[in-house]
Amino acid sequence: ADAAANWGENAQTYTDKIAAAVADTDGMAALFQGQPIQAVFFSSAAGRTVDAVAVWGNSVDYLKSVDSKGDRQAPNNETTVTIAAKALAERLGIADDAAVSVRKRTEAGYVAEVQAGSKTFSGREIRERLGLRSADFTIAKNGDSYIFTVHGYGHGAGMSQYGASFLAEQGKNYHEILRHYYTGISFSILE
């Protein structure tokens, strides 16, 4: 009943696809240097995934920045958030008239550093404090407000769900898709 409510007349087709995918991958493990990977994922990027070090501060060999151009076709890939300068100042603990701007970006284009008055924030901190969909954004001042134009949705590390779907539509199989997003992995059947 839940499947029919979500998928309507396509419920049986999608249920069959899911059952086939589960059967095809039963017992399969993705490994890096013999150890199971942490298969982190997110909704969509703005064209590239981000290196794990930019999100969590530590490098992970199989979580490197990779191309994910298919994400640009995701619905709502670009969103806009307008915040009054006064409200922004309160959320960041800065003066109402303090300038706010992007200072540094990662190689994937995500914001690494924002200067807000005399304070410096990471893109992740700004994303969390302002409830933005991702840390890939631009900032523009318009009168008494700041406009944040945001691309993608999620932390950006690992596999993009929209990007994976795009690659599947291009005819890539799940091994190829996972190897694309998780650099240097191998597969093994677990006993």
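**Exercise 1. Determine the order of the strands in the open sheet that contains β9, and state which strands lie at its edges.**

Solution. The model is predicted: local features need pLDDT of at least 70, side-chain atom pairs count only at pLDDT 80 or more, and totals for chains, interfaces and linings use all residues. Residues are numbered from 1 along each chain as its sequence is written, and side-chain values use heavy atoms, with hydrogens and water left out.

Step 1. Strands (E, at least two residues) and helices (H or I, at least four residues) are DSSP runs, numbered from the N terminus. Two strands pair if DSSP finds at least two bridges between them.

Step 2. Strand β4 (residues 78-84) is joined to β9 by 7 bridges and runs antiparallel to β9. One of the bridges links Glu-78 to His-151.

Step 3. Strand β8 (residues 137-142) pairs with β9 over 6 bridges, in the antiparallel sense. Here Ala-140 has Ile-147 as its bridge partner. Strands β8 and β9 form a hairpin with 2 residues between them, and Gly-143 in the turn has a positive phi of about 65°.

Step 4. The order is therefore β4-β9-β8, with antiparallel pairing. The edge strands are β4 and β8, as each pairs on one side only.

**Exercise 2. Is strand β9 largely enclosed or largely open?**

Solution. Step 1. Buried means under 20% relative accessible area, exposed over 50%, and partly exposed in between (1.4 Å probe, protein chains only).

Step 2. Strand β9 covers residues 145-151, and 5 of its 7 residues are buried, so the strand is largely enclosed by the rest of the structure.

**Exercise 3. Find the buried residues of helix α6, and say how they are placed around its axis.**

Solution. Step 1. Helix α6 spans residues 161-169, and Gly-163, Ala-164 and Leu-167 in it are buried.

Step 2. Seen down the axis, these buried residues fall within an arc of 100°, so they line one face of α6. The arc is that of the directions from the helix axis to the C-beta atoms.

Step 3. An α-helix has 3.6 residues a turn, so residues three or four places apart point the same way.

Step 4. The buried residues of α6 pack against β10 (159-160) and α7 (174-181), where contact means heavy atoms within 4.5 Å.

**Exercise 4. Where is Ser-44 found, and which residues does it touch?**

Solution. Step 1. Ser-44 is in the loop between β3 (41-42) and α3 (52-56).

Step 2. Ser-44 is buried, with a relative accessible area of 3%.

Step 3. Not counting residues up to four places away in sequence, Ser-44 touches Asp-71, Ala-74, Asn-77, Gly-152, Tyr-153, Ser-160 and Tyr-162.
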